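Q: Please give me a close look at how the packing and the empty space are arranged in this structure. I would like one connected account, with the residues named along the way.

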Amino acid sequence: MKVLLSWLRDFAPFEGDPVALGDTMSDLGMAVESLDRLGEGLDGIVVAKVLDLRPHPDADRIQLVDVDAGDGEARQIACGAFNMAVGDHVPLATIGTTMPDGMEIARRKMRGQWSNGMLCSGRELALGDDHSGIFVLPSDTTPGHDVSDALGIESDVLYDLEINPNRPDAMSVAGVARDLAARLGLPFQLPAPSPATSAVLATERARVEIVDTDLCGRFVGYVLHDVTVGESPRWLANRLTALGMRPINSLVDVSNYVMLELGQPNHAYDLARLGGGGLRVRRARDGETLVTLDDVERRLTTDDLLICDLDDVPNGIAGVMGGEAAEISATTTDVLLELAWFQPMAVARTARRLGLRTEASARFEKGTDPEVLELAGRRFAELLGAEAQLAGGLIDERGDLPAREPVRVRTARVNQVIGTDLDTGAVAALLEPIGFDISGADDGLDVAVPSWRPDTETEIDVVEEVARHHGYSRIPRRVPRSSISGGLTPRQRDRRRVRNALVGLGFTEVMPMPFLAPGDLARAGLDDDGIDVANPLVAEESVMRTSLLPGICKVLAYNASHRHADVSIFEVGHVYNRPSEPDAVLPDERERVAVAIGAAEAPAAVQAWRSLAAHLGIGHSLEAAEIPGLHPSRAARILVDGRDVGSVGEIDPDVLAAFDVPGRVGWFDVDLTTLLAQRHGPEAYVPVRLYPSSDLDLAFEVDDTVPAATVEATLRDAAGDLLVELDLFDVFRGGAVPDGRRSLAFRLRFQAPDRTLTDAELADLRTRCIDAAQSALPATLRG
């Protein structure tokens, strides 16, 4: 979108540095892509009259043009354009002229013919983008006069703005001026046209019908008579040229001018050529054709909207381009002016399908203002001049316009989104200058959106307007905090702590398959009631495991077959039991951790469990029990707050034999789901004791039914706070030990935090431990 500074000043008194004004427009979201100063650098360019045209003898794409630069002498110019005729007035850059783009004009030979200057296009004069041919000047200009004087060119600034799709209001000079004036606190005023009117009523001269009201929400028609089609005033033609539009005639130029100024596309029809004296708006019939103003036949579908005369002859594609049937000509005297609101998506679909994007369709696609039609019509009539008479009244037919409901805007939400601390009054003060009507209380506002802002429908749309006019550059810059991804849940952190602790104890993690072969559970001494897999890949993996024991036994057997019988391994995995509820569909899935210590006995497994429990900060107790799959007299249940969470001991020798695992294997297996649901925390740290320690070895003979853990607990209670370590280092059966009994040898380490223990203190501690074991248990001290 291009705008002239002089045109912006028609709406508000903009002063100051043009570059600073451009920066303000950019800060408002209308980024200035380029800024050009017009009317400068035209010294040495004069009006010249074409005297003769003849081909270049040695070049097909160059002709030789003789021109008179006002001194009566013919000058030969070699020129590559062919759009001029004898008698035309054209701009001539004389020898020695420096063009606006910095090029210096000199006398040159072109294919053997001298060129005494250069004839200029509109782009070379910096008067627009047209470079298709020579800029033909009006016939009333005088040869020899400076082009700037002849055209009334004054110094101006041309801004080329990037307008985003959600800013239909900024597709007009008035819309840009409104935004800029609001930011700068300047008064903004739309034109108040007062065209010459006649006593004839528009409704008496023409009619309009809307057949498909869903695609045409409003259609306003104005009738003008006594119209003379001619050239436009130079100031108007210059503005159109600067914005990239080629002046054609007074009617077409005024139509384009109103569209650029107010953002309302319009179309003028020769009323005398309209069948039935009016217009009908309807959908096209499938396969219907129309020749548009670019002389191309267009084939239409029922998705397209047509402007037809009342004889139902198509005269234009609504919102895109007019047709040839009622085109304005030099003989036109009566005009029916169309100003309408068309459904944006319908226009967009038609323009895209036809590959016909025009200035009009670009505006209709974004959404035009249905309330500006009267102003645009009167502005059109005023610009035509006093000779044209505007018929009284107007034709105003209504279809389906979108409803516009007030938008509730919360001040707190505004500040939350854009990072400001505005109060309700400040928010209202930013919105009112751009046409938003405000009402409401301190905690929020009811905002009535103006008709020229169809893009603003929700609260966040209004928040964007507040941000724009508060100024993006005034909002403090902050690096937003993104949500942290990839973090561990508390359960995942606990599972990782378990793994790290076991690895730290020297165990290697294994991952056997969660599927077993039929009979594996029975070989492990467990109930053979696993859930069968409906579609197993192989028969050896057709049963879902109910315990980690069979899989780990297979790992032990594999390592033993490779002469690694003393491996220490663990697994964290899921087991799948039959559902406890009769109507449950899925198995009872639990996560467990199991440890196997090759070539080791139950005490090693107990020690490993205690280390893990200490790392997790979990208190526990052991209770002797017979557990399937474990040694009948070397197994215990693990209790946490009285709740069974697993087992510890040795794997049953029969199970080891069934899997071909030699020797003994220490084992513990814990329900990780239940364990981690208990209260736990980090390992408790105690100060390091610096004084020497002393060890006592005590061996007790006890019944096989007495758990070693019971003896250990009795000794711990008796030893008190001076005990820092207690290990069961030997279990003996046979010899002098009667059947049904065993010898348990413990090593007790004592250490005081503040002194070296004396022999008397150690003797007292020894006596207390022996007495406690012999009195509380059927235990006998061995010599």
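A: Happy to. Let's begin with helix 2 (residues 18-27) and helix 4 (residues 173-184), which pack at an angle of about 100 degrees with their axes 10 Å apart. Please keep in mind that this is a predicted model. An angle from 65 to 115 degrees counts as roughly perpendicular, and helix 2 and helix 4 are therefore roughly perpendicular to each other. On the helix 2 side, Leu-21, Thr-24, Met-25 and Asp-27 make the contact, and they meet Val-176, Leu-180, Arg-183 and Leu-184 of helix 4. By class, this contact has five nonpolar residues, one polar and two charged.

A second packed pair is helix 6 (residues 234-242) with helix 7, where the angle is about 60 degrees and the axes are 10 Å apart. Helix 6 and helix 7 are therefore oblique to each other, and their crossing is left-handed. Helix 6 brings Trp-235, Leu-236, Arg-239 and Leu-240 to the contact, while helix 7 answers with Asp-253, Val-254, Asn-256, Tyr-257 and Leu-260. These residues divide into six nonpolar, one polar and two charged.

Helix 7 leads us on to the empty space, as six residues of the lining of the largest pocket come from helix 7, which is the largest share. That pocket has a volume of about 1100 Å³. Its lining counts 39 residues, and those closest to the pocket centre are Met-245, Val-252, Asn-256, Met-259 and Glu-359. Asn-256 thus plays a part in two places: it is in the helix 6 contact and also among the residues closest to the centre of the largest pocket.

Several other elements join helix 7 (250-262) around the largest pocket: strand 14 (266-270), strand 19 (314-317), strand 20 (321-322), strand 21 (335-342) and helix 9 (359-366) each supply at least two lining residues. The lining of this pocket is made up of 22 nonpolar, 10 polar and seven charged residues.

Now for the enclosed spaces. A search of the whole structure turns up two cavities of 30 Å³ or more. The largest cavity holds about 60 Å³ of space. Around it sit Leu-215, Asp-303, Leu-305, Ala-318, Phe-342, Gln-343, Ala-346, Val-347 and Thr-350. Helix 8 (residues 344-354) contributes the most to this lining, with three residues. Six of the lining residues are nonpolar, two are polar and one is charged.

The second largest cavity holds about 30 Å³. Leu-127, Phe-135, Leu-151, Asn-238 and Thr-241 form its lining. Asn-238 and Thr-241 fall within helix 6, which spans residues 234-242; helix 6 therefore brings us back to the oblique pair with helix 7. By class, the lining of the second largest cavity has three nonpolar and two polar residues, with no charged ones.

One more helix pair rounds off the picture. Helix 11 (residues 411-418) and helix 13 (residues 459-470) pack at an angle of about 65 degrees, with axes 10 Å apart. Here the crossing is right-handed. Arg-413, Val-414, Val-417 and Ile-418 of helix 11 meet Glu-459, Ile-460, Val-463, Val-466 and Ala-467 of helix 13. Seven residues in this contact are nonpolar, none is polar and two are charged.

Methods:
Residues numbered from 1 in each chain as written. Predicted model: local features only at pLDDT ≥ 70, side-chain atom pairs only at ≥ 80, totals over all residues. Heavy atoms only, no water. 1 Å grid on protein atoms, 1.4 Å probe; cavity = no way out; pocket = protein on both sides within 12 Å on 5 of 7 lines; lining within 4 Å. Points joined across faces, edges and corners; volume = space filled by probe spheres on them. Helix = DSSP H or I, 4+ residues; strand = E, 2+ residues; numbered from the N terminus. Nonpolar A, V, L, I, M, F, W, Y, C, P; charged D, E, K, R; others polar. Axes fitted to C-alpha atoms, helices over the stretch in contact; angles between N-to-C directions. Parallel < 35°, antiparallel > 145°, perpendicular 65-115°, else oblique. Left-handed = near helix turned anticlockwise from the far one by under 90°. Contact = heavy atoms within 4.5 Å.
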